[in-house]
Amino acid sequence: MSVVDPARETTALSRSAPNLDAGPRADRLAAHAVRALIEEAALTPKPGLVDRRGGGAHPDMDLHLMERSAEALGPAFALMADACDSRAPDEALRRRLGALGRRAEEDMLTATGGVNTHRGAIWALGLLVSATAIHPDGTPAAEIVGTAGRIARIPDPAVARYAVPTHGARALARYGLRGARGEAADGFPTLVSRVLPVLRISRAAGLDEEHARINALIGALAVLDDTCLAHRGGVAALREVQRMAADVLEAGGTSTTSGYELFTRLDDTLRRDRLSPGGSADLLAGALFLERAAGPDAIASRAGEERGEMDVIGDPVRPAGPVAARGGSGVRARPGDASR
Ligand SMILES: CC(C)(COP(=O)(O)OP(=O)(O)OC[C@H]1O[C@@H](n2cnc3c(N)ncnc32)[C@H](O)[C@@H]1O)[C@@H](O)C(=O)NCCC(=O)NCCS
Ligand SMILES: Nc1ncnc2c1ncn2[C@@H]1O[C@H](COP(=O)(O)OP(=O)(O)OP(=O)(O)O)[C@@H](O)[C@H]1O
């Protein structure tokens, strides 16, 4: 039995480009999710990831492809939000979201000619869009991630039928890493306790938005058991990358001279070894989505500061290196980076 309502699907698919500030709530949430994905992809420089400089550790990707992929996901996100509108999470809803998630993966593969640009992002953003739609506007982010976790913990009966050995399944079997499923099932602890606090602390310290976002990405990298990294480099590479990211934060983040040097080393290592921290990128996009969709007042949790994340940023206000050396939109990479 199909869990997708064809009438609603046709309506959503024929929608014009969603508007961020007007129109049905499902469309607005979808538009915020797409925008968060595009902003994450465009943020530069990011270690190992697709950014304005190129594909990073992904020779088959570039920014244009990421943008096309993100745009292609809008209709599926809107359908997820429609499906969740003020509903309590139950097995029927989980099954429908699973079908929409797989359908989004197909839309992504069609848009990219078969490249996995956003599989993990569909999972994270799909759950966050869905959970946001369940609650009224202004619901605190902590409650939204809790609901997202509840949805993620409901087994999808259809999954076994579609099961193929994914990178995540192998990382679980080989190394016991719970990956994207674990992060979601636990209510996105890395997003709530690392990414959002590092964003907030960096901004409060006077950093521009690009520095704040790159610091937040590094904050996730330092702790996340990212199966994207483990699948390419094994658990030793994952731990080494986490350590290098923690060193960047301990040096005051990417806006200090020593922090930027350590960041450059991390960036070089990830490119050289073809390692990509895709899970951290997904969580940064998830945080950008929540900030917009839930609204700044709803990001009320100060859990990060209470747990001492303030310390890991150290003294992030000293402008240094090319990351800090510009105003306007987007962080410019070091001259010559594009050809590396
Ligand atoms: C759960 C998913 C991600 C598959 O899990 P699995 O671990 O097998 O995935 P796979 O290794 O192929 O991809 C994982 C991706 O998640 C990201 N990721 C990796 N580790 C982590 C982590 N610790 N935390 C967050 N994200 C992570 C990376 O981008 C990585 O590429 C998902 O694709 C899925 O089950 N889709 C089915 C459709 C569905 O149920 N959707 C729900 C509606 S939103
Ligand atoms: N800016 C980004 N650059 C690269 N990956 C990103 C970016 N943002 C998010 N991601 C996430 O990283 C994941 C890339 O996954 P992964 O590297 O495992 O791809 P793959 O092509 O399946 O792997 P492989 O090429 O090793 O077989 C995507 O699913 C996506 O969710």
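Where is the place of Arg-274? In this predicted model, Arg-274 sits in the loop between helix H14 (257–272) and H15, and although it is not a glycine, its phi is positive, at about 50°. Arg-274 counts as partly exposed, because it has 13 C-beta neighbours inside 10 Å.

I would like to set Phe-188 beside it. Phe-188 is also a residue other than glycine with a positive phi, in this case near 55°, and its place is in the loop between H10 and helix H11 (189–204). Phe-188, however, counts as buried, because 28 C-beta neighbours lie inside 10 Å. To stay with the backbone for one moment longer, the peptide bond that runs from Thr-44 to Pro-45 is cis, with omega near 0°, and Pro-45 belongs to the loop between H2 and helix H3 (63–72).

Let me turn to the ligands, beginning with ligand 1. Its shell has 28 residues, of which Gly-101, Gly-120, Gly-126, Gly-168 and Gly-279 are the closest, and by class the shell divides into nine nonpolar, 11 polar and eight charged residues. Several helices each supply at least two residues of this shell, including helix H5 (91–112), helix H9 (167–175) and helix H10 (179–185), but the largest share, six residues, comes from H6.

Ligand 2 is surrounded by 19 residues, and here the closest are Val-50, Arg-119, Gly-120, Gly-278 and Ala-281. Two or more residues of that shell come from each of helix H2 (25–42), H6, H13 and H15, and the classes are seven nonpolar, eight polar and four charged.

What, then, does H6 itself look like, from its first C-alpha to its last? With 16 residues, H6 reaches 23 Å between those two atoms, which is close to the 22 Å expected at 1.5 Å a residue. The helix is mostly covered, since 15 of its 16 residues are buried.

That brings me to the interior. In soluble globular proteins, nonpolar side chains tend to be buried together. The largest nonpolar core in this model has 94 residues, and the residues with the most contacts inside it are Phe-77 and Leu-125; to this core H6 gives the most, with 11 residues. If we leave aside its neighbours within four places in sequence, Phe-77 is in contact with Leu-29, Ala-30, Ala-33 and Val-34, and also with Leu-125, Gly-126 and Val-129.

To close, H6 is the helix I would keep in view, as it gives the largest share of the shell around ligand 1 and also gives the most to the largest nonpolar core.

Technical notes
Residues numbered from 1 in each chain as written. Chains lettered and ligands numbered in written order. Predicted model: local features only at pLDDT ≥ 70, side-chain atom pairs only at ≥ 80, totals over all residues. Near = placed C-beta within 6 Å. Helix = DSSP H or I, 4+ residues; strand = E, 2+ residues; numbered from the N terminus. Nonpolar A, V, L, I, M, F, W, Y, C, P; charged D, E, K, R; others polar. Expected span 1.5 Å × (residues − 1). Buried ≥ 20, exposed ≤ 12 C-beta atoms within 10 Å, placed from the backbone. Core = buried A, V, L, I, M, F, W, Y, C linked by C-beta atoms within 7 Å. Contact = placed C-beta atoms within 7 Å.
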